[in-house]
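Biologist: I should be grateful for a close look at the sheet of this chain. Please describe how the strands are arranged and what packs against them.

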Amino acid sequence: MFTHLVDLVSGGGEFELTYSDEYVDGAIVGLSPKILKKLRRGEFSYQDYIDLHGLTRDQARDEVIRFVQESFARKFRCILVVSGRGLNSRDKQPVLKKGLVHWLTRSPLKRLILAFASARTYDGGAGAFYVLLRRNEGKAPFVTPAV
């Protein structure tokens, strides 16, 4: 139990993921189900957004990393990432949407994120994600490992 709490506070914990054809969400293990439920319902106001339409996978990854780190530094708590549904992709597959889940749950972003969920229809639906960031207390510079 203690090691789980240390992981939760330090940002080293694992993510629990839920997938369906259209819907995806993830949260660090131990996050209150009430918080994830509010995020799914769109009850957190997002403070900024990024639209990845038209970007390659590599460009999108770099932009997401930059955007999340900047949002955390600006002490935002909730952001919106619009990845698209992949309908205009070569194979009609959601390449950026799948990549986004991978990027959010791995270093260097993993330590900054509490949860994410597919957005409500009016915010982009299955082609967008609400991302709930950890609190940035600003007591010391936050450094992510270079992995």
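Modeller: In this predicted model, 6 strands form an open sheet of mixed pairing, and their order across the sheet is β1-β2-β5-β6-β4-β3. The edges are occupied by β1 (15–19) and β3 (49–51), each of which pairs on one side only. On average, neighbouring strands are turned by 15 degrees against each other when direction is ignored. In general, the strands of a sheet pair through backbone hydrogen bonds, in either a parallel or an antiparallel manner.

The order in the sheet may be set beside the order along the chain. The chain holds 4 helices and 6 strands, and from the N terminus these elements follow one another as α-β-β-α-β-α-β-α-β-β. Of the contacts with a separation of 6 or more, 66% are between residues 24 or more positions apart.

At one edge, β3 and β4 run parallel and are joined by 3 bridges. Within this pair, aspartate 51 has valine 82 of β4 as its bridge partner. The helix α3 packs on the sheet here, where it touches β3, β4, β5 and β6, and its direction makes about 165 degrees with that of β4. Another helix, α2, lies across β2, β4, β5 and β6 and runs at about 40 degrees to β5.

These strands and helices also contribute to the largest nonpolar core, which has 39 residues. Leu39, Val64, Val68, Val81, Ile113, Phe116 and Val131 are the residues that touch the most other members. Two or more core residues come from each of β2 (24–28), α2 (33–40), α3 (57–73), β4 (78–82), α4 (95–104), β5 (113–118) and β6 (128–133). The largest share is that of β6, with 6 residues.

Valine 81 offers a detailed view of this core. Beyond its neighbours within four places in sequence, valine 81 is in contact with Ile50, Leu52, Val64, Phe67, Leu100, Gly127, Ala128, Phe129 and Val131. Among these partners, Val64 and Val131 are themselves listed with the residues that touch the most other core members.

For the chain as a whole, buried residues make up 41% of the 147 residues. The exposed area is about 8700 Å², of which carbon and sulfur atoms supply 53%.

Note on methods
Residues numbered from 1 in each chain as written. Predicted model: local features only at pLDDT ≥ 70, side-chain atom pairs only at ≥ 80, totals over all residues. Heavy atoms only, no water. Buried < 20%, exposed > 50% of the residue type's maximum accessible area, 1.4 Å probe, protein only. Contact = heavy atoms within 4.5 Å. Areas by Shrake-Rupley, 256 points an atom, 1.4 Å probe, with all protein chains shown as cover. Core = buried A, V, L, I, M, F, W, Y, C linked by side-chain atoms within 4.5 Å. Pairing = 2+ DSSP bridges. Axes fitted to C-alpha atoms, helices over the stretch in contact; angles between N-to-C directions.
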